[in-house]
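Reader: I am new to this structure and would like to learn how to read its features. Where should we begin?

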Amino acid sequence: EMERIPFSLDEVLSNLGNIVAIKAEEKGLELFFNVRPDVPDALIGDPLRLGQIFINLVNNAVKFTEKGEIVVGVEIERQNEETVVLRCTVKDSGIGLTKEQQARLFQSFSQADGSHTRKYGGTGLGLAICKRLTEMMGGDIRAESEPGRGSSFIFTVSLGRGTEDVRERYVPAVDLRGMRTLVVDDNATARALFTKSLESFSFRVTAVPSGEAALEELRALSRGFAPPL
């Protein structure tokens, strides 16, 4: 039976990070969370079951990804005054799947390819459980993938709105608004997420992929403010 209790989405995702981050780090994978700013934190539903869906999907993503990244995304699909339907995505840069393999994904005790069972382990039951849980939460689940180009598992869940949103929104001081900021990261996804977050605080952002490029930006900035000779 599904519970219907108040919970914090941030706490569910924090717990997810605590569980899977070490596994991802051991494989040299980068794990990112991309929660849209308008997604409410205070919700009503079954946080344990929601967490199980995320954990199953992210563990699968770690298992079938040898290098690259995993991105967990959450956004609003639709909402009204009492309920919100969240669209959640777990995207990886792993081995990918053919159309035929995708058709068998959500069957109990079935993996996309028997050789995957020998190489990666597992029974294939996890995705069948995810499908059942999303249906019990008024949603559905599907996969988008191409061989060698990674996979995205997208699921929706219908949840009640909490009476109190506990997530604190950062509002910069007046003298910081519009401040120029420099983001330096060799991962394009990280640069995009940091840039989006900082821009939401009204900052003007420049993003570069390396320390060398960052130093060049600083030199150019310094030259731009240097007094004329």
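Reader: Which elements do the buried residues of α1 pack against?

Author: This is a predicted model. The buried residues of α1 pack against the strands β1 (5–8), β2 (30–35), β3 (42–45), β4 (69–79) and β5 (83–92), and against helix α2 (47–63). Among those buried residues are Leu9, Leu13, Leu16 and Val20. Val20 is also the centre of a kink of about 40 degrees in α1.

Reader: How many salt bridges are there?

Author: A salt bridge needs a side-chain nitrogen of Lys or Arg within 4 Å of a carboxyl oxygen of Asp or Glu. By this rule there are seven. In one of them, Glu75 meets Arg87 at 3.6 Å, N to O. Glu75 lies in strand β4 and Arg87 in strand β5, so the pair ties together parts that are 12 residues apart in sequence. Glu75 and Arg87 are also linked with Arg36 in a network of salt bridges.

Reader: What about a salt bridge inside a helix?

Author: An α-helix has 3.6 residues a turn, so residues three or four places apart point the same way. Here, Glu216 and Arg219 both lie in helix α7, three residues apart. Their closest N and O atoms are 3.5 Å apart. Glu216 is partly exposed, at 39% relative accessibility, and Arg219 is partly exposed at 43%.

Reader: Which residues make the nonpolar surface patch?

Author: Leu182, Val184, Leu215, Leu218 and Leu221 make this patch of about 380 Å². Helix α7 gives the most, with three residues. Val184 is found in strand β8 and is partly exposed, with a relative accessible area of 40%.

Note on methods:
Residues numbered from 1 in each chain as written. Predicted model: local features only at pLDDT ≥ 70, side-chain atom pairs only at ≥ 80, totals over all residues. Heavy atoms only, no water. Patch = residues over 30% accessible without salt bridge, like charges linked within 9 Å, V, L, I, M, F, W, Y side chains within 5 Å. Areas by Shrake-Rupley, 256 points an atom, 1.4 Å probe, with all protein chains shown as cover. Helix = DSSP H or I, 4+ residues; strand = E, 2+ residues; numbered from the N terminus. Buried < 20%, exposed > 50% of the residue type's maximum accessible area, 1.4 Å probe, protein only. Bend = angle between axes of the 7 residues up to and from the residue. Contact = heavy atoms within 4.5 Å.
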